[in-house]
Amino acid sequence: MRQEILEIPDAVDRLLSQGAANIYTAVDLMKEVDPRFLITVARGSSDHACTYLKYASELLLNLPVASVGPSINSIYGVDLRADGAVCLSVSQSGQSPDIVGMTRSLKSSGGLTVAITNNTTSRLAEVADAVLPLHAGPELSVAATKTFVTSLVAGLCVLAEVKGDGELITAIRSLPAHLAQAAQCDWSAAAMAITGRSLFTLGRGPSFAMSNEAALKIKETCQIHAESYSAAEVLHGPVSIVEEGFPTIVFAAADAAEQATAEAADALAGKGAAVFAATDKVTKAESLPVIRTGHWLTDPIANITSFYSMVEAVALARGIDPDAPRHLRKVTETV
């Protein structure tokens with residue numbers, strides 16, 4: 001896992017160079033369709049990538065995004081109407097039958113299907129109209145890291161090109177250097193606070209997707225229960241379980257939600273939680289070192305890279321092999 005985290009910058013660089021033709025093909029198809037909405041199909045870390053792309057689509061293109069449960073087709077046998085939609089299916093292996101089946105169904109119902117996958121010979125790649133190969137190289141650790149980050153970048157590239165957002169495109173092209181720095185950020189203060197059996201992760205907007213991904217990674221690599229909440233919701237009920245020293249990790253970008261997220265972090269710190277936030281806007285919580293990337297939509301990608309380095313260290317400190325979490329396999333084929 002550690003080696004694959006360190007490979008993230010090179011994987012993103014390969015995606016941006018070797019994957020450029022695939023990205024432009026998907027952009028051209030999407031412009032031709034001129035979609036009214038987007039649909040995403042994914043599970044696990046890939047679904048968290050889709051949450052990030054949901055916010056990116058809605059904020060950049062004003063296009064609403066619906067996350068569709070693959071069981072709608074695989075278990076319940078329903079074919080959704082998808083005419084006028086672009087359907088993003090994200091799967092690092094591209095092999096899960098329910099993801100493949102849902103993608104095939106959406107294509108037959110009139111949707112333009114785009115597969116984001118690390119396996120260009122997979123069943124998912126075969127059924128999609130366009131494929132965005134991740135160019136991540138082999139990922140042997142069960143916990144997805146570089147395929148998660150490259151999924152974010154692949155989808156964001158398409159949206160940025162469709163928008164014609166030169167500032168964002170420049171920030172994306174600068175990501176490899178920024179991610180190399182992010183992988184070296186010292187989040188050990190947060191790591192040392194994770195000593196119990198539960199914690200919160202928080203975010204808002206695009207950073208909420210990183211909170212979701214972080215909570216999953218803590219569970220699967222460290223065997224610690226973690227719950228992800230929007231920074232807008234954590235004080236509405238979940239705060240009831242906060243006690244002195246309760247660890248909380250807060251994800252934030254230099255965007256319109258940063259100040260409100262910092263205020264939520266400080267509110268939890270004021271109630272006794274041990275809060276560590278990826279922002280310098282806090283007054284009571286502890287600020288974590290972060291790499292800003294020149295754009296608020298690429299900042300969360302650097303934050304999750306820094307988190308990956310931290311969570312791998314936490315797992316090792318607990319005597320757990322983060323490469324082979326108990327009860328888990330690299331590829332889960334859900335029907």
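**Entry 1: Phe148 and its ring partner**

I looked up Phe148 first and found it buried, because its relative accessibility is 2% and the cut-off for buried is under 20%. The model is a predicted one, and I keep that in mind for each entry below. I then asked which ring Phe148 pairs with. The structure holds six aromatic pairs. In one of them Phe148 meets Tyr308 edge-to-face, at 6.4 Å centre to centre and with 80° between the planes. Phe148 sits in helix H8 (residues 146-163) and Tyr308 in helix H14 (residues 299-317), so I note a link between distant parts of the chain, 160 residues apart. Tyr308 is buried as well, with a relative accessible area of 0%.

**Entry 2: Phe251 and Phe307**

I next checked another edge-to-face pair, Phe251 with Phe307. I noted 5.8 Å between the ring centres and 65° between the planes. Phe251 lies in the loop between S8 and H13, while Phe307 belongs to helix H14; the two are 56 residues apart and link distant parts of the chain. Phe251 has 0% relative accessibility and counts as buried. Phe307 is buried too, at a relative accessible area of 0%. I then looked for a cluster and found that ring pairs join Phe148, Trp187, Phe251, Phe307 and Tyr308 into one.

**Entry 3: strand S8**

I went on to strand S8, residues 247-250. Which way do its side chains point? I found Pro247 and Ile249 on one side and Thr248 and Val250 on the other, and all are buried. S8 pairs in the parallel sense with strand S6 (residues 198-203) over three bridges. In that pairing I found Leu202 opposite Val250. S8 also pairs in the parallel sense with strand S9 (residues 274-277), over four bridges. There Thr248 stands opposite Val275. I traced the connection and recorded a right-handed β-α-β unit made by S8, helix H13 (residues 258-270) and S9.

**Entry 4: positive phi values**

I searched for positive phi in residues other than glycine and noted Asn62, with phi near 60°. Asn62 is in the loop between helix H4 (44-60) and strand S2 (65-67). Is Asn62 buried or exposed? It is exposed, with a relative accessible area of 63%. I also noted His135, which is not a glycine and has a positive phi of about 55°. His135 falls in the loop between strand S5 (130-133) and H8. I recorded His135 as partly exposed, at a relative accessible area of 22%.

**Entry 5: a nonpolar patch**

I looked at the surface and found a nonpolar patch of about 330 Å². Ile75, Tyr76 and Val78 make this patch. I placed Ile75 in the loop between helix H5 (71-74) and strand S3 (85-90). Ile75 is exposed, with a relative accessible area of 53%.

**Entry 6: salt bridges**

How many salt bridges are there? I count eight. One of them joins the side chains of Glu7 and Lys146, at 2.5 Å from N to O. Glu7 is in the loop between helix H1 (2-6) and helix H2 (8-18) and Lys146 in helix H8, 139 residues apart, and the pair links distant parts of the chain. I checked the burial of both partners: Glu7 is partly exposed at 25% relative accessibility, whereas Lys146 is buried at 2%.

I then took Glu58 and Lys54, whose side chains meet in a salt bridge with an N to O distance of 2.8 Å. Both are in helix H4, and because they are four residues apart, about one helical turn separates them. Glu58 is partly exposed, with a relative accessible area of 27%, and Lys54 is partly exposed at 29%.

The next bridge I opened was Lys107 with Asp129, where the closest N and O atoms are 3.6 Å apart. Lys107 lies in helix H6 (residues 97-108) and Asp129 in the loop between helix H7 (123-127) and S5, so the pair ties together parts 22 residues apart in sequence. I noted Lys107 as partly exposed, at a relative accessible area of 35%. Asp129 is also partly exposed, at 36% relative accessibility. Last, I looked for bridges that share partners and found Glu213, Lys217 and Glu220 joined into one network.

Key: Residues are numbered from 1 along each chain as its sequence is written. This is a predicted model: local features need pLDDT of at least 70, side-chain atom pairs count only at pLDDT 80 or more; totals for chains, interfaces and linings use all residues. Side-chain values use heavy atoms; hydrogens and water are left out. Buried means under 20% relative accessible area, exposed over 50%, partly exposed in between (1.4 Å probe, protein chains only). Two strands pair if DSSP finds at least two bridges between them. A crossover is right-handed if, with the strands pointing away from the viewer, the path from the first strand over the helix to the second runs clockwise. Rings of Phe, Tyr and Trp (its six-membered ring) pair if their centres lie within 6.5 Å; planes under 30 degrees apart count as stacked, over 60 as edge-to-face and the rest as tilted. Patches are made of residues with over 30% relative accessible area and no salt bridge: like charges are joined within 9 Å, nonpolar side chains (Val, Leu, Ile, Met, Phe, Trp, Tyr) within 5 Å. Accessible areas come from the Shrake-Rupley method with a 1.4 Å probe; for residues, only the protein chains shown count as cover. A salt bridge is a side-chain nitrogen of Lys or Arg within 4 Å of a carboxyl oxygen of Asp or Glu.
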